[in-house]
Amino acid sequence: MDIFDKYGPISERRDSLLQAGLNPFGLRMDKILSPTEALINGRKTILVGTNNYLGLTFDPDCIEAGCEAMREQGTGTTGSRIANGSYGLHEELEEAIARYLKCKSAIVFPTGYQANLGMIAGLAGPKDTILLDADSHASIYDGCRLSGATLIRFRHNDPADLDRRLSRLKNEEGVALVIVEGIYSMLGDIAPLKEFIEVKKRHGAFILVDEAHSLGVMGEHGRGVAEACGVEADVDFVAGTFSKSLGAIGGFGASNHPHFDRLRYCSRPYMFTASASPASVVTVTKAIEKIEQNPDLIRKLWRNANALYQGLSDLGFEICAPASPVIAVRLSDEQTAVYFWNRLVEEGVYVNLAIPPGTPNGVCLLRCSVSAAHSEAQIEEVCGRFEKILREWEAQTSAATV
């Protein structure tokens, strides 16, 4: 028996997808031209699937800050902060995050995935109970498993279900930690955070909000769903990533809890990993300044999100949630979704193909993520190419039924 035999069914499914065209889970972009365009198979392609919400990846000031840090402090840190020490740049970024989020402390992690591992596994232990939204990201599930805590899933975006499940824990040992996301990455729907906060306060639980897809997107100042809902002071812990709105790589945790810094000595994903490179760190610090200085970025992002949402809705596509910078177009089945995805790439539009088991409730999606850097013409072009392929598909299915 070969060690890879257990992956046979996955391999067969991948081969089946490749027979339909390009590899949706390994697409090569030959050159990135701007925050919203790349060369794919020699064709200039509009990017509508990169989570580059504010378009900061090509910001001249962010680029220059990264280049300068690399020239002055090298390409990498070559070790963990516990063993090798922190650079001044790490602490400056943590101070910037704490200031921006109005928290007392922040901790930087090398990736957003690792931020959830480090936060959750550090906060919860084997005697504790974690209650997590059923549609949580894989990094949240992995962090929960690493913690050794008892896991209880509650129905997606359902405060009443969380209330019922917390009520059953009255006599349990340890603490209860509730975990929700601000904007959910697959469907683009938003957590009813105010209602969740009321529930967690009633039961004396803690709450961690993953603002990975809502930081820089929600709230007047871009501080996330907690700001938009007016409940920032009631959120115990915030986690997030630098690889979306902030246009770089890395992640963070933040809190007003007086003992939050104990995680530095109790969270294995923080302790035993190399720290972020100087270029990444200063790029994020500069990006936070950009958001603070230019709130119009957020307004432009929402104008574009509403325009794409309306354009696709008018064409008759089923959108999975109200307008947000994540617009998930639901297709009837996997074959249809794969067809649309391949044709969109051929027509010069890149979106994300999302199919089971990576989607909630087994739905098949074309997941679009909008950027403040998209022009009105690009949004119109994307809608136009969706319409062209829709008409093709309708003609094919109509002919097949005659």
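Helix α15 covers residues 376–401, 26 in number, and its first and last C-alpha atoms lie 38 Å apart, close to the 38 Å expected at 1.5 Å a residue. The expected span is 1.5 Å times one less than the number of residues. Helices here are DSSP runs of H or I with at least four residues, strands are E runs of at least two, and both are numbered from the N terminus.

This is a predicted model: local features need pLDDT of at least 70, side-chain atom pairs count only at pLDDT 80 or more, and totals for chains, interfaces and linings use all residues. Residues are numbered from 1 along each chain as its sequence is written, and side-chain values use heavy atoms, leaving out hydrogens and water.

Several α15 residues are buried, among them Arg-385, Phe-386 and Trp-393. Buried means under 20% relative accessible area, exposed over 50%, and partly exposed in between (1.4 Å probe, protein chains only).

Helix α1 (residues 8–19) has 12 residues, so it should span 16 Å at 1.5 Å a residue; the 17 Å between its end C-alpha atoms agrees. Gly-21 follows α1 and has a positive phi, near 150°.

**Helix packing**

Helices α4 (residues 88–101) and α12 (residues 278–293) pack at about 25°, with axes 9 Å apart. Axes are lines fitted to C-alpha atoms over the stretch in contact, and angles run from 0 to 180 degrees between N-to-C directions. The two helices are therefore roughly parallel (under 35 degrees; over 145 is roughly antiparallel, 65 to 115 roughly perpendicular, the rest oblique). Which residues of α4 and α12 make the contact? Those of α4 include Leu-89, Leu-93 and Tyr-100, and those of α12 include Val-281, Ile-288 and Glu-292. Contact means heavy atoms within 4.5 Å.

**Loops and backbone**

Most residues other than glycine have a negative phi, and most peptide bonds are trans. Two asparagines have a positive phi, as tabulated here.

| Residue | Phi | Loop | Relative accessible area |
|---|---|---|---|
| Asn-41 | near 50° | between β2 (37–40) and β3 (43–47) | 57% |
| Asn-361 | near 60° | between β14 and β15 | 74% |

Asn-41 is exposed. Asn-361 counts as exposed too. Pro-357 lies in the loop between β14 (352–354) and β15 (364–369). The peptide bond from Pro-356 to Pro-357 is cis, with omega near 10°.
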